[in-house]
Amino acid sequence: KDKDFTVLDGKPVTEDGVRFLGDSDPRSSGLTAGYDGNESDNIKAIGTQDDDLTKAACDDGEVNVIAVHSPSSAKLAAQSGCADLVLSGHLHRQVGPTAVTGLNGRSTTTLSTGSTGGAVYAFALGSKLRRSAQVTIVTFDDGVPVGLQPVTFEPGGIIKVAEYAPIAATSR
C-alpha cells in the first residue's frame with residue numbers, strides 16, 4: 001500500500017474500468033502472526049469473510065472480479081451470481097474454470113490458479129524457480145472478464161500455455 005498498490009480490503013474498487021472486490025486471507029501462519037492451530041477459528045474466519053464479500057458484491061451490483069486467497073472465502077459469493085469471476089489460489093493446483101449459476105440466474109466463473117512456486121515459506125525468498133509456478137491471464141472487454149488463459153512456468157525454462165477459455169458473458 002505504501003508503494004501505491006491497491007490493496008483489496010473488503011470494499012469494491014475500480015481499477016482501469018474493472019470493478020474488483022477482495023480481502024486478505026483472514027487466517028494467519030505461525031511465521032507471520034502466531035497461528036495457534038485452532039481449526040475452528042479458521043473455519044469461522046473464512047465463513048465470515050465469505051458472508052461479508054457476498055454482501056458487498058450483491059449490495060454493489062457491479063463487481064466484475066472477486067480475488068481471494070482461498071476458494072472457500074468466496075464460495076457463497078460465487079453462488080450468489082453477484083460477480084462475473086472469482087479468482088483464488090491456496091489449493092496449489094488448478095481447479096476450473098467452472099461456471100456456477102447464481103441464485104439470481106447470472107453465471108459466475110470460478111478459477112483457482114495453481115501454485116505460484118512458493119508454498120514453503122510465508123515470505124518471498126527471492127531465489128530461482130524451484131517448483132512449478134502458474135499465473136492466469138485474464139482478458140477483459142469493457143471491464144468485463146471474457147477469457148482465461150493459465151500459463152505454467154516449470155524449472156528449467158519450460159513454459160506451458162493452456163488453451164484460452166472463454167467466459168460466457170451474462171447480463172446484469
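Is cysteine 82 buried or exposed? Cysteine 82 is buried, with a relative accessible area of 12%. The close-ups below start from this residue and then move around the model, which is a predicted one.

**Figure 1. A disulfide joins cysteine 58 to cysteine 82.** A search of the whole structure turns up 1 disulfide, and here it is in close-up. The S to S distance is 2.0 Å. With 95° about the S-S bond, the link between cysteine 58 and cysteine 82 is right-handed. Cysteine 58 sits in helix 1, while cysteine 82 sits in the loop between helix 2 (75–80) and strand 4 (83–88), so the disulfide ties together parts that are 24 residues apart in sequence. Cysteine 58 counts as partly exposed, because its relative accessibility is 33%, whereas cysteine 82 is buried at 12%.

**Figure 2. Lysine 55 and aspartate 59 form a salt bridge in helix 1.** Let us stay in helix 1, which covers residues 39–60. The closest N and O atoms of lysine 55 and aspartate 59 are 2.6 Å apart. The two residues are 4 positions apart in the helix, about one turn. Are they buried or exposed? Lysine 55 is exposed, and aspartate 59 is exposed too.

**Figure 3. Two further salt bridges link aspartate 9 with lysine 11 and lysine 160 with glutamate 154.** Side chains of opposite charge can pair when their charged atoms come close. The structure holds 5 salt bridges. In one of them, the side chains of aspartate 9 and lysine 11 meet at 3.8 Å, N to O. Aspartate 9 counts as partly exposed, with 37% relative accessibility. Lysine 160 and glutamate 154 make another, with their closest N and O atoms 3.8 Å apart. Lysine 160 is partly exposed as well, its relative accessible area being 47%.

**Figure 4. Six strands make an open sheet with mixed pairing.** The chain as a whole comes to 2 helices and 10 strands, in the pattern β-β-α-β-α-β-β-β-β-β-β-β along the sequence. In the sheet shown here, the strand order is 1-2-3-4-6-5. Strand 1 (13–15) and strand 5 (95–101) stand at the edges with a single partner strand each, so one side of each has no neighbour in the sheet. From one strand to the next, the twist averages 25°. What sense do strands 5 and 6 take when they pair? Strand 5 runs antiparallel to strand 6 (residues 107–112), and 5 bridges join them. Among the contacts, valine 95 has serine 112 in strand 6 as its bridge partner.

**Figure 5. A cis peptide bond and positive phi values mark a few spots in the backbone.** Most residues other than glycine have a negative phi, and most peptide bonds are trans. The bond from glycine 96 to proline 97 is cis, with omega near 10°, and proline 97 lies in strand 5. Aspartate 4, in the segment before strand 1, has a positive phi of about 70°. Aspartate 4 is exposed, with a relative accessible area of 73%. Aspartate 16 also has a positive phi, near 50°, and belongs to the loop between strand 1 and strand 2 (18–22). Its relative accessible area is 81%, so aspartate 16 is exposed.

**Figure 6. Strand 7 and strand 8 form a hairpin.** Strand 7 (residues 133–141) pairs with strand 8 (residues 144–154) in the antiparallel sense over 9 bridges. Phenylalanine 140 stands opposite proline 145 in strand 8. How many residues lie between the strands of this hairpin? There are 2 residues, and aspartate 142 takes a positive phi near 55° in this hairpin.

**Figure 7. Five residues make a nonpolar surface patch.** Leu129, Val135, Phe153, Ile159 and Val161 contribute to this patch of about 410 Å². Valine 161 belongs to strand 9 (residues 158–161) and is exposed, with a relative accessible area of 53%. Arginine 131 lies in the loop between strand 6 and strand 7, and counts as partly exposed at 35% relative accessibility. The C-alpha atoms of arginine 131 and proline 155 are separated by 6.0 Å, although the two residues are 24 residues apart along the chain.

Terms used: Residues are numbered from 1 along each chain as its sequence is written. This is a predicted model: local features need pLDDT of at least 70, side-chain atom pairs count only at pLDDT 80 or more; totals for chains, interfaces and linings use all residues. Side-chain values use heavy atoms; hydrogens and water are left out. Patches are made of residues with over 30% relative accessible area and no salt bridge: like charges are joined within 9 Å, nonpolar side chains (Val, Leu, Ile, Met, Phe, Trp, Tyr) within 5 Å. Accessible areas come from the Shrake-Rupley method with a 1.4 Å probe; for residues, only the protein chains shown count as cover. A salt bridge is a side-chain nitrogen of Lys or Arg within 4 Å of a carboxyl oxygen of Asp or Glu. Buried means under 20% relative accessible area, exposed over 50%, partly exposed in between (1.4 Å probe, protein chains only). Two strands pair if DSSP finds at least two bridges between them. Axes are lines fitted to C-alpha atoms, for helices over the stretch in contact, and angles run from 0 to 180 degrees between N-to-C directions. A disulfide is a pair of cysteine sulfur atoms within 2.5 Å.
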